[in-house]
Amino acid sequence: MPAMESDAIRALLEQAFPRADRIDVEDRTGGGDHFQVTVVSAAFDGLSLIDQHRRVNDALAAPFADGSIHELRIKTKGTG
Amino acid sequence: MKTLNEQISEVISEEPVTLFMKGTPQMVMCGNSQRALQALHAAGAPVTTVDILPDPRIRQELSAISGWPTIPQVFVKGELLGGADITEELVESGELQRKLDDALGADRSQDVKVVSLELI
């Protein structure tokens, strides 16, 4: 399984949420496959928590599909 | 015999709270499955668990049904609640307890049940 840099995850999230107030990516184990991401964006306003997480999962679908993300913890917040 | 897809859909729609996890409550094989299970216990939920590890097709079929890529997955009354992060967040805020109170009543059972899928 290819490991992934936090910066590559961040780039995908920035692409999906260009006007986010905050995007944090933490490599939880240093191994490049367990990540904690935090996204605060107006794009989440009015969405249920599950739909907010779906947006993040969608943004990271490629590294999920090829197995480079083994575990992802997600924290999302709207701005409203 | 029912297909895997039919079996999974049946568990989701028939059980009040279903947790698709790695392992069983007696032998949890993944930290996130453990987090989800603990959060459900803390919320006083009855939990029906399905182990996805016996066959990779279980996870494939489940994700095709739910549109959710990761394990664990928690369903309440047939509806996807989310993974471990959302379950923990909704228990901390008290929202899941309220949802369960509404759906199952405050004096609900807190039984833990393990369902095995039939694999061909």
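**Notebook: cores and folds in chains A and B**

I looked first for the largest nonpolar core and found one of 30 residues, with Leu19(B), Met21(B), Ala36(B) and Leu40(B) having the most contacts inside it. I took a core as a set of buried Ala, Val, Leu, Ile, Met, Phe, Trp, Tyr and Cys residues joined through C-beta atoms within 7 Å; buried requires 20 or more other C-beta atoms within 10 Å of the residue's own, exposed 12 or fewer, and partly exposed lies in between, with C-beta atoms placed from the backbone. Among the elements of chain B that give two or more residues to this core I noted α1 (4-14), β1 (17-21) and α5 (95-104). Apart from it I found another core, of 13 residues, including Leu12(A) and Phe17(A).

This is a predicted model, in which local features need pLDDT of at least 70 and side-chain atom pairs pLDDT 80 or more, while totals for chains, interfaces and linings use all residues. Residues are numbered from 1 along each chain as its sequence is written, and chains are lettered from A and ligands numbered from 1 in the order in which they are written.

I then turned to Gln34(B), which lies in helix α2 (residues 31-42) of chain B and counts as partly exposed because it has 17 C-beta neighbours inside 10 Å. Its C-alpha is 8.5 Å from that of Ala84(B), although 50 residues separate the two in sequence.

For chain A I recorded 3 helices and 3 strands, where helices (H or I, at least four residues) and strands (E, at least two) are DSSP runs numbered from the N terminus. Of its 80 residues, 24% count as buried.
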